[in-house]
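Dear colleague,

Please find the structure below, handed over for your use. My findings follow directly after it.

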Amino acid sequence: MTHIPARQNLPPDIVTLADHEQHARQHLDDNAWAYFSGGAGDEITLRANRNAWDALPLWPRVLQPLAGGHTRVDLLGRTLAHPILLAPVAFQRLAHPDGEVAMAYAAAALGAGIVLSTQASVSLEAVAQAVQPDPGRGPLWFQLYLQHDRGFTQALVQRAESAGYEALVLTVDAPTSGVRDRERRAGFRLPPGIGPVNLAGLPAPASPPLQPGQSALFDGLLSHAPTWDDIAWLQSITRLPLLLKGVMHPADARHAVSLGVAGLIVSNHGGRTLDTSPSTARVLPRVADAVAGAVPVLVDGGIRRGTDVLKAMALGASAVLVGRPAVWGLANAGAAGVAHVLRLLRDELEIAMALTGCATLADASPALLDMEPAHFQRP
């Protein structure tokens with residue numbers, strides 16, 4: 001079992017993920033807070049992600065047989081202790097000096113999967129070496145942004161394979177960054193010593209001069225943006241299963257399945273890209289219906305309670321990912337804080353299961369939910 005080095009004791013009044021967020025504000029400067037907490041535009045989607053889970057009621061059930069219940073799920077050929085994974089979050093050393101290594105320690109200790117960001121502030125090899133020997137750890141996945149240089153991307157994928165990562169998670173919803181007003185107001189910048197270390201050596205993209213009438217975005221930056229054609233190429237250069245993160249439309253989900261991807265993650269980038277896009281809770285059942293069980297469907301965005309995890313499973317998710325709450329735990333107490341966040345979610349999930357009559361997550365279905373609000377009804 002992975003040993004978690006404690007940075008400090010958690011204050012006794014931290015008993016929820018919301019408490020972690022409140023206390024983390026005291027540890028993060030304005031620069032880091034703007035980066036981790038902010039969303040795109042007016043942050044309508046950021047708020048909608050959270051509000052959508054709150055708006056969906058669970059039906060209590062009574063006198064159900066619960067002995068022998070558990071939270072185990074099967075995912076990509078592995079049996080997990082519970083369906084909670086840590087989402088990829090860049091530059092975690094902004095929150096704590098141990099950064100992604102502390103995050104990975106906590107995930108391993110709690111049997112949670114972890115998805116390491118391409119833009120991690122610690123090398124992908126160091127994170128893998130820290131936790132790979134732990135027999136109780138969850139899945140170790142690597143999140144990938146396709147780079148403009150295919151040779152560099154291929155080398156990065158090979159590094160992940162060699163280090164022992166078990167799947168690739170390709171983020172597909174951010175060909176450009178969203179309009180992040182909080183970051184602009186804060187003048188966000190990476191401090192000295194923190195950067196995307198796994199992208200060291202990436203050559204600058206060739207940028208021919210723009211012609212009159214051309215767009216710096218469409219004819220410049222987006223001339224290198226990935227397309228569906230890149231999925232086949234990526235699959236051809238790796239033996240790892242490939243999941244697509246950021247799929248929000250049923251048509252995109254069906255097309256991804258036709259290309260043979262191993263899984264989908266319903267995500268709107270935590271509300272950080274396209275503001276006013278729908279909440280992930282609203283989209284999840286539509287994507288799950290579209291793929292009809294052909295591949296696992298995961299979801300992130302606004303999950304703050306164990307009840308949210310159960311609701312996601314009832315809507316068709318195979319597992320969930322959490323991002324910001326883990327960062328708040330990291331800021332508060334390093335690996336111990338992240339472990340506390342994961343423990344709270346799992347404990348709350350078990351309680352929610354018991355009170356809705358679910359002995360196992362195989363029992364979670366839309367019947368657990370009051371689907372009366374029109375925006376939650378399946379098409």
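**Two residues with positive phi**

Leucine 63 is found in the loop between helix 3 and strand 1 (73–75). Please bear in mind throughout that this is a predicted model. Phi of leucine 63 is near 60°, a positive value in a residue other than glycine. With a relative accessible area of 86%, leucine 63 is exposed, because the term applies over 50%.

Glutamate 43 also has a positive phi, of about 60°, although it is not a glycine. The residue sits in the loop between helix 2 (30–37) and helix 3 (44–54). Is glutamate 43 buried or exposed? Its relative accessible area is 11%, so glutamate 43 is buried, the limit for that term being under 20%.

**Nonpolar core**

In general, nonpolar side chains tend to be buried together in soluble globular proteins. Here, the largest nonpolar core has 117 residues. Within this core, the residues with the most contacts are Phe36, Tyr165, Leu234 and Leu264. Helix 12 (residues 324–355) supplies the largest share of the core, namely 15 residues.

Which residues does leucine 234 contact, leaving aside its neighbours within four places in sequence? They are Leu144, Leu146, Val157, Leu168, Leu170 and Leu242.

**Aspartate 230 and alanine 256**

Aspartate 230 lies in helix 8 (residues 229–236). Its relative accessibility is 14%, and aspartate 230 therefore counts as buried. The side chain of aspartate 230 makes a polar contact with the side chain of arginine 150, at 2.9 Å. When residues up to four places away in sequence are not counted, aspartate 230 touches Leu146 and Arg150. Leu146 also appears among the contacts of leucine 234.

Alanine 256 belongs to helix 9 (residues 250–258). This residue has a relative accessible area of 0%, so alanine 256 is buried. Not counting residues up to four places away in sequence, alanine 256 touches Trp228, Leu244, Val261 and Leu264. Of these contacts, Leu264 was named above as one of the residues with the most contacts inside the largest nonpolar core. Alanine 256 and leucine 242 are 14 residues apart along the chain, and their C-alpha atoms are separated by 10 Å.

**Second largest pocket**

The second largest pocket holds about 720 Å³ of space. Its lining consists of 34 residues, and those closest to the centre of the pocket are Val172, Asp173, Pro175, Gly246 and Asp252. Helix 8, helix 9 and helix 10 (280–291) are the elements that give two or more residues to this lining. The largest share comes from helix 10, with three residues. By class, the lining of this pocket has 17 nonpolar, 11 polar and six charged residues.

Helix 8 and helix 9 thus contribute to this lining; aspartate 230 is found in helix 8 and alanine 256 in helix 9.

**Cavities**

As general background, rolling a probe the size of a water molecule over the atoms shows where empty space is left. How many cavities of 30 Å³ or more does a search of the whole structure find? The search finds two.

The largest cavity contains about 40 Å³ of space. It is lined by Leu86, Ala87, Pro88, Val89, Gln92, Glu100, Met103, Ile114, Val115, Leu116 and Ser117. Two elements, helix 4 (99–109) and strand 4 (113–116), give two or more residues to this lining. Strand 4 gives the most, with three residues. The residues of the lining divide into eight nonpolar, two polar and one charged.

The second largest cavity has a volume of about 40 Å³. Its lining is formed by Ala104, Ala107, Ala108, Ala112, Ile114, Val131, Arg137, Gly138, Pro139 and Leu140. Helix 4 gives the most to this lining, with three residues. By class, the lining of the second largest cavity has eight nonpolar residues, one polar and one charged.

Ile114 lines the largest cavity, and Ile114 is also listed in the lining of the second largest cavity.

With kind regards

Note on methods
Residues are numbered from 1 along each chain as its sequence is written. This is a predicted model: local features need pLDDT of at least 70, side-chain atom pairs count only at pLDDT 80 or more; totals for chains, interfaces and linings use all residues. Side-chain values use heavy atoms; hydrogens and water are left out. On a 1 Å grid over the protein atoms alone, a cavity is a set of points where a 1.4 Å probe fits but cannot get out, and a pocket is an open set with protein on both sides within 12 Å along at least five of seven lines; lining residues have an atom within 4 Å of a point. Grid points are joined across faces, edges and corners, and a volume is the space filled by probe spheres set on the points. Helices (H or I, at least four residues) and strands (E, at least two) are DSSP runs, numbered from the N terminus. Ala, Val, Leu, Ile, Met, Phe, Trp, Tyr, Cys and Pro count as nonpolar, Asp, Glu, Lys and Arg as charged, and the others, Gly among them, as polar. Buried means under 20% relative accessible area, exposed over 50%, partly exposed in between (1.4 Å probe, protein chains only). A polar contact is a pair of N or O atoms within 3.5 Å; within protein, one must be able to donate a hydrogen and the other to accept it, and residues adjacent in sequence count only if both atoms are side-chain atoms. Contact means heavy atoms within 4.5 Å. A nonpolar core is a set of buried Ala, Val, Leu, Ile, Met, Phe, Trp, Tyr and Cys residues joined through side-chain atoms within 4.5 Å.
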